[in-house]
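These are my notebook entries from a first reading of the structure shown below. I began with the strands, then turned to the chains as wholes, and ended with single residues.

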Protein chains: 2
Amino acid sequence: MNKTQLIHQIKSKKSFLCIGLDVDLEKIPSHLLATDDPIFEFNKAIIDATHDVAIAYKPNTAFYEAYGLKGWQALEKTIRYLNEKHPEIFTIADAKRGDIGNTSTRYAKAFFEEMQFDAITVAPYMGRDSIEPFLKFQDKFTILLALTSNAGADDFQMLKTGHHQPIFERVLKKALTYINNENLMFVVGATQSDSLKKVREIVPHHFLLIPGVGAQGGSLEDVCKNGMTEEIGLLVNSSREIIYAGNDVNFAQKARLKALDVTLKMREIMEH
Amino acid sequence: MNKTQLIHQIKSKKSFLCIGLDVDLEKIPSHLLATDDPIFEFNKAIIDATHDVAIAYKPNTAFYEAYGLKGWQALEKTIRYLNEKHPEIFTIADAKRGDIGNTSTRYAKAFFEEMQFDAITVAPYMGRDSIEPFLKFQDKFTILLALTSNAGADDFQMLKTGHHQPIFERVLKKALTYINNENLMFVVGATQSDSLKKVREIVPHHFLLIPGVGAQGGSLEDVCKNGMTEEIGLLVNSSREIIYAGNDVNFAQKARLKALDVTLKMREIMEH
């Protein structure tokens with residue numbers, strides 16, 4: 001998918017909601033546990049109930065890897081289902097990968113070719129040659145961690161380097177020198193909305209993936225005030241609040257209601 | 001495995017060689033491609049031929065993920081084979097994971113419980129709450145990226161923060177404030193042997209995983225001069241030079257010869 005198609009989807013659905021598919025077998029409705037593939041059945045039901053209001057889905061690979069082969073299989077089935085049934089949806093592998101050049105190429109092949117995700121999250125610590133292999137893929141997006149939503153973000157991301165610039169600013173600036181940097185997006189936690197203005201000074205046009213609205217305490221209004229562009233430029237993620245809104249046979253409808261609730265707020269903001 | 005057992009293995013084998021199992025179907029001998037599981041058959045042959053001189057094996061997950069479900073299956077078979085046939089061997093999942101707390105716990109479960117690796121490599125960018133979930137597992141090791149062997153290491157790891165300390169030093173120092181920090185090891189590239197002295201000032205007793213000897217240009221002698229401790233404290237990794245030493249039916253024997261060659265040098269250094 002290219003950026004024009006993504007923006008078109010956002011403007012026609014009047015939503016910039018990304019739903020995180022972080023499936024935990026201890027939290028999904030018990031009636032699904034009797035099926036052959038509870039993880040996939042859960043995802044399928046959530047996708048079927050929310051695809052008309054969601055722009056993107058973001059499975060976090062940790063939740064699948066924790067179930068071993070079965071989990072990996074469910075991840076593959078989920079991305080295949082999304083690509084076949086809902087090709088307009090933007091798909092993100094929240095994998096936070098990154099390694100030396102030839103190895104990053106392997107990760108890129110795994111997620112862009114083998115599974116055909118539109119995007120992958122990547123950790124910046126290893127620098128240029130760990131990131132550029134992902135950027136070489138056309139119409140695929142590399143979502144670089146810049147300023148994350150967790151408390152540990154203070155440990156390194158906020159450390160001051162020369163000219164009092166925190167490391168996350170150096171990550172943003174350096175990333176703009178990488179090849180095909182138009183294929184970049186950046187992760188900026190909703191809990192960091194004060195820093196969003198600074199982020200937007202450095203990357204005025206790139207899309208930002210924003211986790212941390214809701215359970216982690218970030219505010220949608222603040223995020224939009226400081227981060228929204230003319231092309232919207234935001235994918236705001238919600239995971240638990242939506243996918244676990246219900247826990248009975250009507251869980252998918254309850255997830256839909258919660259997603260509708262969030263996207264109504266998004267629509268209001270977009271129309272003002 | 002605990003640290004005492006690891007040191008015992010090193011001292012009795014007189015080796016601190018880690019072999020990287022980075023399997024590329026385009027590089028393995030063609031006769032293996034006719035088998036049901038070429039990746040596993042390759043690993044099994046390499047392990048059978050080298051386990052008496054190697055201390056550790058380190059599959060890099062990227063190489064397995066690139067082959068999808070089959071790759072993940074081969075990774076699971078490889079770790080099961082190692083644990084059943086060679087329980088004395090130290091096993092490292094070179095996965096470079098890291099995410100917010102509950103998600104890092106998932107990764108830890110995937111690699112420490114579901115697959116029973118002894119250790120996993122972790123990227124530090126997200127800070128304390130992305131790393132401590134791994135450290136909670138007893139007799140399991142978290143190998144934190146400090147100073148990597150690639151050119152991109154200069155982008156962020158070498159950036160100067162307050163008191164002219166590069167970020168990798170801040171990573172080492174901060175990590176020593178984390179819970180159960182005795183379960184840490186650190187990745188320091190062999191190409192960074194000048195910085196090894198500084199690393200040893202900060203972490204005099206922790207084990208270091210050293211990639212980059214050989215193909216990437218690092219010198220074993222320099223690494224040992226600047227990084228070795230009384231308990232050795234080093235795991236020096238070699239991947240391509242060993243596993244692809246041959247490409248015919250005798251590939252495993254050729255890998256063995258190359259491994260012997262490296263470990264003879266290690267033995268000489270240990271005995272002086």
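**Entry 1: a strand pair in chain B**

I note at the outset that this is a predicted model. I looked first at strand E6 of chain B, residues 184–188, and strand E7 of chain B, residues 208–210, which pair in the parallel sense over two bridges. Within this pairing, I found Phe186(B) opposite Leu208(B) of E7(B). As background, I recall that strands of a sheet pair through backbone hydrogen bonds, either parallel or antiparallel.

**Entry 2: the barrel of chain B**

I then followed the strands around chain B. Eight of them close into a barrel, in the order E1-E2-E3-E4-E5-E6-E7-E8, and the pairing is parallel. From one strand to the next the twist averages 30°.

Which strands does helix H6 of chain B lie across? I found that H6, residues 128–135, lies across strand E4 (119–122), strand E5 (141–147) and E6 of chain B. The helix runs at about 145° to E5(B). I made the same kind of entry for helix H10 of chain B, residues 220–227, which lies across E7 and strand E8 (234–238) of that chain. The angle of H10 to E8(B) is about 165°.

**Entry 3: the barrel of chain A**

In chain A I again traced a closed barrel of eight strands, running E1-E2-E3-E4-E5-E6-E7-E8 with parallel pairing. Here the twist averages 30° from one strand to the next. I looked up one pair in detail: strand E2 of chain A (residues 56–58) and strand E3 of chain A (residues 90–97) run parallel and are joined by two bridges. The bridge partner of Tyr57(A) in E3(A) is Thr91(A). Helix H8 of chain A, residues 167–175, packs on the sheet and touches E5 and strand E6 (184–188) of chain A. The direction of H8 makes about 155° with that of E5(A).

**Entry 4: chain A as a whole**

I counted the elements of chain A, which come to 12 helices and eight strands. Along the principal axes, the C-alpha atoms of chain A fill a box of roughly 55 × 45 × 35 Å. I asked what radius of gyration a compact globule of 272 residues would have. The expected value is near 19 Å, and chain A has 18 Å, which agrees. Buried residues make up 57% of the 272 residues in chain A. Of the contacts in chain A between residues at least 6 apart in sequence, 70% join residues at least 24 apart.

**Entry 5: how the two chains are related**

I superposed chain B on chain A by a rotation of 180° with 0.0 Å of shift along the axis, at an RMSD of 0.0 Å. That is the relation of a two-fold axis. Which residue of chain B comes closest to the rotation axis? It is Thr161(B), whose C-alpha lies at 2.1 Å.

**Entry 6: the contact between the chains**

I recorded 48 residues from chain B and 48 residues from chain A in the contact. Elements that give two or more residues to the side of chain B include helix H4 (68–85), strand E3 (90–97) and helix H8 (167–175) of chain B. H5(B) gives the most to that side, with seven residues. The residues on the side of chain B divide into 19 nonpolar, 14 polar and 15 charged. I also noted that 100% of the interface residues of chain B are interface residues in chain A as well, so the copies meet through the same surface.

**Entry 7: single residues in loops**

I checked backbone angles next, bearing in mind that most residues other than glycine have a negative phi. Asp139(A) has a phi near 60°, a positive value in a residue other than glycine. Asp139(A) lies in the loop between helix H6 (128–135) and strand E5 (141–147) of chain A. Is Asp139(A) buried or exposed? I found 11 other C-beta atoms within 10 Å, so Asp139(A) is exposed.

Gln116(B) likewise is not a glycine, yet has a positive phi of about 55°. Its place is the loop between H5 and E4 of chain B. With 15 C-beta neighbours inside 10 Å, Gln116(B) counts as partly exposed.

My last residue was His31(B), in the loop between strand E1 (17–20) and helix H2 (38–50) of chain B. His31(B) has 12 C-beta neighbours inside 10 Å and therefore counts as exposed. The C-alpha atoms of His31(B) and Val249(B) are separated by 7.3 Å, although the two residues are 218 residues apart along the chain.

Methods
Residues are numbered from 1 along each chain as its sequence is written. Chains are lettered from A and ligands numbered from 1 in the order in which they are written. This is a predicted model: local features need pLDDT of at least 70, side-chain atom pairs count only at pLDDT 80 or more; totals for chains, interfaces and linings use all residues. Two strands pair if DSSP finds at least two bridges between them. Helices (H or I, at least four residues) and strands (E, at least two) are DSSP runs, numbered from the N terminus. Axes are lines fitted to C-alpha atoms, for helices over the stretch in contact, and angles run from 0 to 180 degrees between N-to-C directions. Two residues are in contact if their C-beta atoms, placed from the backbone, lie within 7 Å. Copies are superposed by least squares on the C-alpha atoms of residues with pLDDT of at least 70 in both. The radius of gyration is taken over C-alpha atoms; the globule rule is 2.2 Å times the number of residues to the power 0.38. A residue is buried if 20 or more other C-beta atoms lie within 10 Å of its own, exposed if 12 or fewer, and partly exposed in between; C-beta atoms are placed from the backbone. Ala, Val, Leu, Ile, Met, Phe, Trp, Tyr, Cys and Pro count as nonpolar, Asp, Glu, Lys and Arg as charged, and the others, Gly among them, as polar.
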